[in-house]
Amino acid sequence: MDIKQLEASEVYRVLQDRSRWDPFRHEETDELLWHELNPDFNNAQHLHITAQLGADICLKDGYDTTTTDAVVLTGLVHDAAEAVTGDINFNLKSATDTDDEVTILDQLVASGKLPLTDEELATVKEVMLDSQRAEPETEAGLAFKLSEYVGYLRTGLQSWHDAGDASKIVTAAQRQNLRWLAVDPIANALPVIVKYAVYGSSAMQEFLEREAPTIAEILQWFDGETREQHAAFYLHAGLPL
């Protein structure tokens, strides 16, 4: 995989201008500021972040070079189809969405818009589809699955910190939206990460130990009154509870 060639591809050029987590971006926050607030809010940067997380997980959990290479490669291109479909929030993405993304990957590679060899494309498809299983059958599928869940939760935790940081140039309304964004992955990603920590993943155990204070702070904040406000926000944003 030639990283420079990938970054110069048509797919990457489109993703560089695309935002993630848009339902949580307040109308007063423009896209440029949104991307500056957190690199993971940018579609192209998200791919690099996922690849790095995957490499770290493979290292900590003792996977071999072949597995690591497959996980990093998948991380670098796994959302390439969103150059066509637009961003689909992680907790809303279904197995059908992943099947569709794999089909679009084929089309992007065939058209020359995504520079992957046939062998690389086959590897990415195999890892992506395996990661959708409740229990992935390969180490690469599991490591990539965990990289997505950790990245998802880490973005929420960063948003929580940003909401409480007076130096961040965001409005009061945007700060509240960042808190809602923090709650979303706590509810959807934390149980999966805890599960694999219990199963013995050193990477998940280290992540939870490091982030436990922030997770506890969010859980303490999310009381009955906050839950009602959260539900109202989700209904207004058109998101499923």
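Trainee: What does Leu190 touch, leaving out residues up to four places away in sequence?

Mentor: Leu190 touches Leu153, Pro185, Leu208 and Ile215. Keep in mind that this is a predicted model.

Trainee: What makes these count as contacts?

Mentor: Contact means heavy atoms within 4.5 Å. The four partners of Leu190 are Leu153, Pro185, Leu208 and Ile215.

Trainee: Where is Leu190, and how far is its C-alpha atom from that of Val150?

Mentor: Leu190 is in helix H11, residues 190–198. The C-alpha atoms of Leu190 and Val150 are separated by 8.5 Å. Along the chain, the two are 40 residues apart.

Trainee: Why is Leu190 called buried?

Mentor: Its relative accessible area is 14%. Buried means under 20%. Therefore Leu190 counts as buried.

Trainee: How do you know that Asp130 and Arg133 form a salt bridge?

Mentor: Their closest N and O atoms are 2.6 Å apart. The cut-off is 4 Å, between a side-chain nitrogen of Lys or Arg and a carboxyl oxygen of Asp or Glu. So the pair qualifies. Asp130 and Arg133 are also linked with Glu137 in a network of salt bridges.

Trainee: Is Asp130 buried or exposed?

Mentor: Buried. Its relative accessibility is 2%, and the limit for buried is under 20%. Arg133 has 38%. Partly exposed lies between 20% and 50%, so Arg133 is partly exposed.

Trainee: What makes Lys60 and Glu206 a salt bridge?

Mentor: The closest N and O atoms of Lys60 and Glu206 are 3.5 Å apart. That is within 4 Å, so the pair counts. The pair links distant parts of the chain. Lys60 is in helix H4, residues 43–60. Glu206 is in helix H12, residues 202–221. They are 146 residues apart.

Trainee: Why is Lys60 called partly exposed?

Mentor: Lys60 has a relative accessible area of 37%. Partly exposed falls between 20% and 50%, so the label fits. Glu206 is partly exposed at 37%.

Trainee: How many salt bridges are found in the whole structure?

Mentor: Nine. One of them joins Arg25 and Asp22, with closest N and O atoms 2.9 Å apart.

Trainee: Which residues gather in a patch of negative charge on the surface?

Mentor: Asp17, Asp30, Glu31 and Glu36. Glu31 lies in helix H3, residues 31–37.

Trainee: What makes Glu31 open enough for the patch?

Mentor: Patch residues need over 30% relative accessible area. Glu31 has 33%, so Glu31 passes that cut-off.

Notes:
Residues are numbered from 1 along each chain as its sequence is written. This is a predicted model: local features need pLDDT of at least 70, side-chain atom pairs count only at pLDDT 80 or more; totals for chains, interfaces and linings use all residues. Side-chain values use heavy atoms; hydrogens and water are left out. Patches are made of residues with over 30% relative accessible area and no salt bridge: like charges are joined within 9 Å, nonpolar side chains (Val, Leu, Ile, Met, Phe, Trp, Tyr) within 5 Å. Accessible areas come from the Shrake-Rupley method with a 1.4 Å probe; for residues, only the protein chains shown count as cover. Lys and Arg count as positive and Asp and Glu as negative; His and the chain ends are not counted. The place of a charge is taken as NZ of Lys, CZ of Arg, CG of Asp or CD of Glu. Helices (H or I, at least four residues) and strands (E, at least two) are DSSP runs, numbered from the N terminus. Buried means under 20% relative accessible area, exposed over 50%, partly exposed in between (1.4 Å probe, protein chains only).
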